[in-house]
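Here is a short tour of one protein model, written to be read with the structure open beside you. Rotate the view as you go and look for each residue when it comes up.

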Amino acid sequence: MDTRFNVSSALELTPRRISAPAALLALTVIQTRAPKQREAVPAGMKGVFDDLTEEVGAAIGRLQASLDLQAAAEAPPVEEIELPAELLKLADEATLRDRRGMNNLLDVWTGGLASLLEGLVFQPGAKGEDARALMDAWFGDGRGFLNAPHATQWLEIDRRWGRLRPEDQARLQRLGLWEHAQTLVTLNGWFGQLLQITRDADAPAAVAPDADPLPDILRTLTRVLLFANLAWPGDAPEAVERRQRLAGPYLAEIQKVSAKYATNAKQRAQDDEP
């Protein structure tokens with residue numbers, strides 16, 4: 001795992017930088033998992049964990065406000081964005097051009113998928129196993145993300161269905177839910193266009209350094225990583241799993257950045273070859 005954290009001259013573990021949307025995604029996943037994760041926190045550290053969870057929540061609010069301001073400044077008028085024909089088969093134009101309307105529509109489609117899976121979990125054999133695996137992966141932490149602000153909900157839906165693993169694709173196809181999931185992805189893609197936010201977007205460049213919340217937010221994510229190591233030290237599988245559940249969302253985004261840099265470096269090296 002390529003993370004390469006550094007220590008500053010002041011002996012501070014230097015945060016690895018990721019984009020604002022990626023940080024929001026990581027923070028939201030951490031917050032969603034926190035209630036269940038707290039049960040496993042050692043008794044003497046629960047107060048520290050509660051403070052950290054509160055800090056994560058505040059960071060989400062600050063970053064959400066920053067991204068909303070960015071979207072408001074950069075987004076073209078909604079009425080100027082051309083509506084894809086396939087979307088007009090799913091909802092009327094007024095709903096598709098309204099952010100709140102799209103949020104509600106995604107609630108319906110996401111809740112519908114959860115209900116369909118719930119109806120299949122007690123099926124015998126492979127069908128039941130497939131349904132239980134998908135329910136645990138996507139709704140194991142509940143449906144609270146559907147009550148989140150627009151951009152946070154977009155990120156949560158993208159995290160679950162934007163890049164499906166091959167085995168989950170196969171499960172959906174066996175259960176007859178592939179088209180439902182693809183419709184959800186299509187709707188969320190349009191929602192992202194309305195919000196002018198994408199998972200791979202760069203951090204805002206126009207924000208003044210003294211007004212940019214991202215450096216402090218990245219420090220919060222670093223503290224999450226440190227807490228995970230203090231609360232569950234060692235190489236035991238359970239400790240590793242607990243650390244991964246808490247700090248994994250941040251490290252996963254770091255790995256994406258590292259992979260992108262490695263790919264670009266490899267391409268530059270190939271271009272420089274005689």
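The report below starts with the overall fold and then turns to helices, aromatic rings and a few single residues.

**The fold and how confident the model is**

You are looking at a predicted model. The average pLDDT of the protein is 83, and 84% of the residues score at least 70. One stretch calls for care: over residues 200-210 pLDDT stays under 50, and the model has 13 contacts beyond four places in sequence for that stretch.

The secondary structure comes to 11 helices and 2 strands. Following the sequence from its start, you meet the pattern β-β-α-α-α-α-α-α-α-α-α-α-α. Of the 274 residues in the protein, 42% are buried. Among contacts with a separation of 6 or more, 74% are between residues 24 or more positions apart.

**Helix 6 and its surroundings**

A good place to zoom in is helix 6, which covers residues 125-139. At 1.5 Å a residue, its 15 residues should span 21 Å, and the end C-alpha atoms are indeed 21 Å apart, so the two values agree. Which residues of helix 6 are buried? They are Gly128, Asp130, Ala131, Leu134, Met135, Trp138 and Phe139. Because these residues cover an arc of only 160 degrees around the axis, they are on the same side of helix 6. A general rule helps here: an α-helix has 3.6 residues a turn, so residues three or four places apart point the same way.

Turn to the face of helix 6 that points away from its buried side and you will find the exposed residues Glu129 and Asp136. The cover over the buried residues of helix 6 includes helix 5 (99-118), helix 7 (150-161) and helix 8 (166-175).

**Helix 8**

Helix 8 can be read in a similar way. Its buried residues include Asp168, Arg171, Leu172 and Leu175. The arc they cover around the axis is only 95 degrees, which puts them on the same side of helix 8. Helix 5, helix 6 and helix 9 (178-195) are among the elements that cover the buried residues of helix 8. After helix 8 comes Gly176, and its phi is positive, near 75 degrees.

**Aromatic rings**

Now let's switch to the rings. Searching the whole structure finds 5 aromatic pairs. One of them joins Phe49 and Phe227: the ring centres are 5.6 Å apart and the planes are at 45 degrees, so this pair is tilted. Phe49 lies in helix 2 (residues 46-74) and Phe227 in helix 10 (residues 214-231), so the pair ties together parts that are 178 residues apart in sequence. Both Phe49 and Phe227 are buried.

There is also an aromatic cluster, formed by Trp138, Phe139, Phe145 and Trp161. Trp138 and Phe139 appeared above among the buried residues of helix 6. Phe145 has a charged partner as well: the charged end of Arg160 sits over the ring of Phe145, 3.8 Å from its centre.

**Four residues to click on**

The table collects four residues with their accessibility.

| Residue | Relative accessible area | Class |
|---|---|---|
| Asp158 | 11% | buried |
| Gln244 | 44% | partly exposed |
| Thr222 | 4% | buried |
| Thr53 | 26% | partly exposed |

Asp158 lies in helix 7. Its C-alpha is 9.3 Å in space from that of Leu25, although Asp158 and Leu25 are 133 residues apart in sequence.

Gln244 has its place in helix 11 (residues 237-272). Gln244 and Ala228 are 16 residues apart in sequence, with 8.2 Å from C-alpha to C-alpha. Not counting residues up to four places away in sequence, Gln244 touches Arg33 and Pro249.

Thr222 is found in helix 10. Which residues does Thr222 contact, leaving aside its neighbours within four places in sequence? Phe5, Leu13, Pro15 and Tyr250 are in contact with Thr222.

Thr53 is found in helix 2. Between Thr53 and Leu27 there are 9.7 Å in space, C-alpha to C-alpha, and the two are 26 residues apart in sequence.

How values were computed. Residues numbered from 1 in each chain as written. Predicted model: local features only at pLDDT ≥ 70, side-chain atom pairs only at ≥ 80, totals over all residues. Heavy atoms only, no water. Phe/Tyr/Trp six-rings, centres within 6.5 Å; stacked < 30°, edge-to-face > 60°. Helix = DSSP H or I, 4+ residues; strand = E, 2+ residues; numbered from the N terminus. Buried < 20%, exposed > 50% of the residue type's maximum accessible area, 1.4 Å probe, protein only. Lys NZ or Arg CZ within 6 Å of the ring centre and 35° of its normal. pLDDT = per-residue confidence, 0-100. Contact = heavy atoms within 4.5 Å. Expected span 1.5 Å × (residues − 1). Arc of directions from axis to C-beta.
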